[in-house]
Amino acid sequence: MGADSNVAPVIIKKKKVIAGGGHHGGAWKVAYADFVTAMMAFFMLMWLLNATTEKQKKGIADYFSPTISISRVSGGGDGVMGGDSVFSEMTLPKVGTGATSMQPTESREARGLDAESEARSSEDEVFKEVEQMLMGRGGESMVADPLLQHIETRVTDEGLVVELFETEDARLFDTDGQPTELMQQLSGVILRVSGLVSNPLAIEAHVRAAPIVIARDTSWEVSTERADAMRELLGAQGMPAARFDRVTAHADREPVTANRMDFRNSRVEVIYLRRT
């Protein structure tokens, strides 16, 4: 026993070794999440390609394009393996049903709002040119100076509005409701302006409120007569009847000044209506 006490004790250490198999920790979850994200991105890309117009596709492509100048209809490479981009009108539209700038359709859903916006913008440019020629904003006016003080123009959602108004010293209609010399000259201006565009016309007449209390309000009758008189005056001067889209009377319901009895409120508006 004495001899054995000098011998160091033997310690046996057991190691647990796991050889392969198992659930591999959480790595598979990360891989699956990456796969789901990639599939989501893929389906979003497919949806964008189907739901956008050709111009919108080009805009998206330009946003993500590098600063290096490459062809818009190229895959980015050159040579034999260059290929075409999916945004090229010669590639994508062949397998789709949407409209392109080369192959437009009449369907508004296919064209989106791009074609309508372009048409509206183009029409606005024409209206502005007519305004400049009429009012002399770009140089010489096609209207004599004494008449310019009776004309105002503005472009609205409805079209180009040419407003002809009277003053206390210069009336558009006499007491019998007949057009004055001033009104005849202004209608000649409208006739010349109408030769610059082919848009349909709308005529609207307004009158000022009566300065005294009257037993019977005749503002509706007077404005109706004035609107119709303007239509007949333009027709007599050569305006085709087919260009008149509507003739409207507003009585004294839409004054342009705070004083409803102001002569400025008596006016005739000729509107060149939009086609879009």
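## A guided reading of the predicted chain

The chain folds into seven helices and five strands, where helices (H or I, at least four residues) and strands (E, at least two) are DSSP runs numbered from the N terminus. Followed along the sequence, these elements occur in the pattern α-α-α-α-α-β-β-α-β-α-β-β. The model is predicted, and local features therefore need pLDDT of at least 70 and side-chain atom pairs pLDDT 80 or more, whereas totals for chains, interfaces and linings use all residues. Residues are numbered from 1 along each chain as its sequence is written, and side-chain values use heavy atoms, with hydrogens and water left out.

Of the 276 residues of the chain, 31% count as buried. Here buried means under 20% relative accessible area, exposed over 50%, and partly exposed in between, with a 1.4 Å probe and protein chains only.

The account turns next to empty space. Rolling a probe the size of a water molecule over the atoms shows where such space is left. The largest pocket has a volume of about 540 Å³. A pocket is defined on a 1 Å grid over the protein atoms alone, as an open set of points where a 1.4 Å probe fits, with protein on both sides within 12 Å along at least five of seven lines; lining residues have an atom within 4 Å of a point. Grid points are joined across faces, edges and corners, and the volume is the space filled by probe spheres set on the points. The largest pocket is lined by 23 residues, of which Val207, Arg208, Thr218, Val222 and Arg226 are the closest to its centre. In character, the lining divides into nine nonpolar, five polar and nine charged residues. In this scheme Ala, Val, Leu, Ile, Met, Phe, Trp, Tyr, Cys and Pro count as nonpolar, Asp, Glu, Lys and Arg as charged, and the others, Gly among them, as polar.

Arg208 also takes part in a contact with an aromatic ring: Arg208 lies over the face of Phe263, at 3.8 Å from the ring centre. A charge sits over a ring if NZ of Lys or CZ of Arg is within 6 Å of the ring centre and within 35 degrees of the ring normal. Arg264 is placed over the face of Phe165, at 3.7 Å from the ring centre.

Charged side chains also meet one another. The model contains 14 salt bridges, each being a side-chain nitrogen of Lys or Arg within 4 Å of a carboxyl oxygen of Asp or Glu. One of them joins Arg267 and Glu269, with 3.2 Å from N to O. Salt bridges that share partners bring Glu152, Arg154, Glu163, Arg264, Arg267 and Glu269 together in one network. Within that network, both Arg267 and Glu269 are buried.

Another salt bridge connects Glu204 and Arg246, at 3.0 Å from N to O. This pair links distant parts of the chain, 42 residues apart: Glu204 belongs to strand β3 (residues 201-206) and Arg246 to strand β4 (residues 244-249). Glu204 counts as buried because its relative accessibility is 8%, while Arg246, at 27%, counts as partly exposed.

A further bridge brings Arg216 to Glu221, the closest N and O atoms being 2.8 Å apart. Arg216 is exposed, with a relative accessible area of 54%, whereas Glu221 is partly exposed at 34%. Glu221 lies in helix α7 (residues 219-236). The C-alpha atom of Glu221 is separated by 7.7 Å from that of Ala251, 30 residues away along the chain.

Ala251 lies in the loop between β4 and β5 (267-273) and counts as buried, because its relative accessibility is 0%. Most residues other than glycine have a negative phi. Ala251, although not a glycine, has a positive phi of about 55 degrees.

Beyond β5, the segment that follows contains Arg274. Arg274 is buried, with a relative accessible area of 11%. The C-alpha atoms of Arg274 and Phe127 are 9.8 Å apart, although 147 residues separate the two along the chain.

Finally, the model has one aromatic pair. Phe42 and Phe43 form this edge-to-face pair, with 5.5 Å from centre to centre and 70 degrees between the planes. Rings of Phe, Tyr and Trp (its six-membered ring) pair if their centres lie within 6.5 Å; planes under 30 degrees apart count as stacked, over 60 as edge-to-face and the rest as tilted. Phe42 is partly exposed, with a relative accessible area of 42%, and Phe43 counts as exposed, at 52%.
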